Amino acid sequence: MEDKYVKTQFGLTVRKLRLSKNISQEKFAEIVGLHRTYISEVERGIRNVTLINVVKIAEGLEVKTSELFREMEREL
């Protein structure tokens, strides 16, 4: 599987879950302690996310890390 595709699918999943909670990128970035442009790059599939930040993102979305990946796999 191509790296860009994985990053894009992860980002789309993060965006979908964030929007389902009606949270702006700016507010979400504040919640997880990351910069808004970082979150934007993750959601657009530009940024290759570290495991530490995956955990922060999952916690900010109030889902388990495994659930975040499971949701992503549904979209693959």
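**View A. Asn22, an exposed residue in the loop between α1 and α2.** In this predicted model, Asn22 has a relative accessibility of 73% and therefore counts as exposed, since the cut-off for that class is over 50%. The residue sits in the loop between α1 and α2, the latter helix covering residues 25-32. Its backbone is also worth inspecting, for the phi of Asn22 is near 55 degrees, which is a positive value in a residue other than glycine.

**View B. Glu62 in the loop between α4 and α5.** Glu62 is not a glycine, and yet its phi is positive, at about 60 degrees. The loop that holds Glu62 runs between α4, which spans residues 51-60, and α5. With a relative accessibility of 66%, Glu62 counts as exposed.

**View C. The aromatic pair of Phe10 and Phe69.** One aromatic pair is present in the structure. Phe10 and Phe69 form this pair, with 6.0 Å from centre to centre and 40 degrees between the planes, an arrangement classed as tilted. The angle falls in the tilted class because planes under 30 degrees apart would count as stacked and those over 60 as edge-to-face. The pair links distant parts of the chain, as Phe10 belongs to helix α1 (residues 3-20) and Phe69 to helix α5 (residues 65-75), with the two positions 59 residues apart in numbering.

**View D. Accessibility of the two paired phenylalanines.** Phe10 has a relative accessible area of 6% and is buried, because the limit for that class is under 20%. Phe69, at 30% relative accessibility, counts as partly exposed.

**View E. The whole chain, as a setting for the close-ups.** The secondary structure consists of five helices and zero strands, so that, read from the N terminus, the order of elements is α-α-α-α-α. The C-alpha atoms fill a box of roughly 30 × 20 × 20 Å along the principal axes, and the radius of gyration of 11 Å agrees with the value near 11 Å for a compact globule with 76 residues. Of the 76 residues, 38% count as buried, and among contacts between residues at least 6 apart in sequence, 61% join residues at least 24 apart.

**View F. Surface and charges of the chain.** The accessible surface comes to about 4800 Å², and carbon and sulfur atoms account for 50% of that area. The chain carries 14 positive and 12 negative charges, and the mean positions of these two sets are 2 Å apart.

Notes:
Residues numbered from 1 in each chain as written. Predicted model: local features only at pLDDT ≥ 70, side-chain atom pairs only at ≥ 80, totals over all residues. Heavy atoms only, no water. Phe/Tyr/Trp six-rings, centres within 6.5 Å; stacked < 30°, edge-to-face > 60°. Helix = DSSP H or I, 4+ residues; strand = E, 2+ residues; numbered from the N terminus. Buried < 20%, exposed > 50% of the residue type's maximum accessible area, 1.4 Å probe, protein only. Rg over C-alpha atoms; globule rule 2.2 N^0.38 Å. Contact = heavy atoms within 4.5 Å. Areas by Shrake-Rupley, 256 points an atom, 1.4 Å probe, with all protein chains shown as cover. Lys, Arg positive; Asp, Glu negative; His and termini not counted. Charge placed at Lys NZ, Arg CZ, Asp CG, Glu CD.
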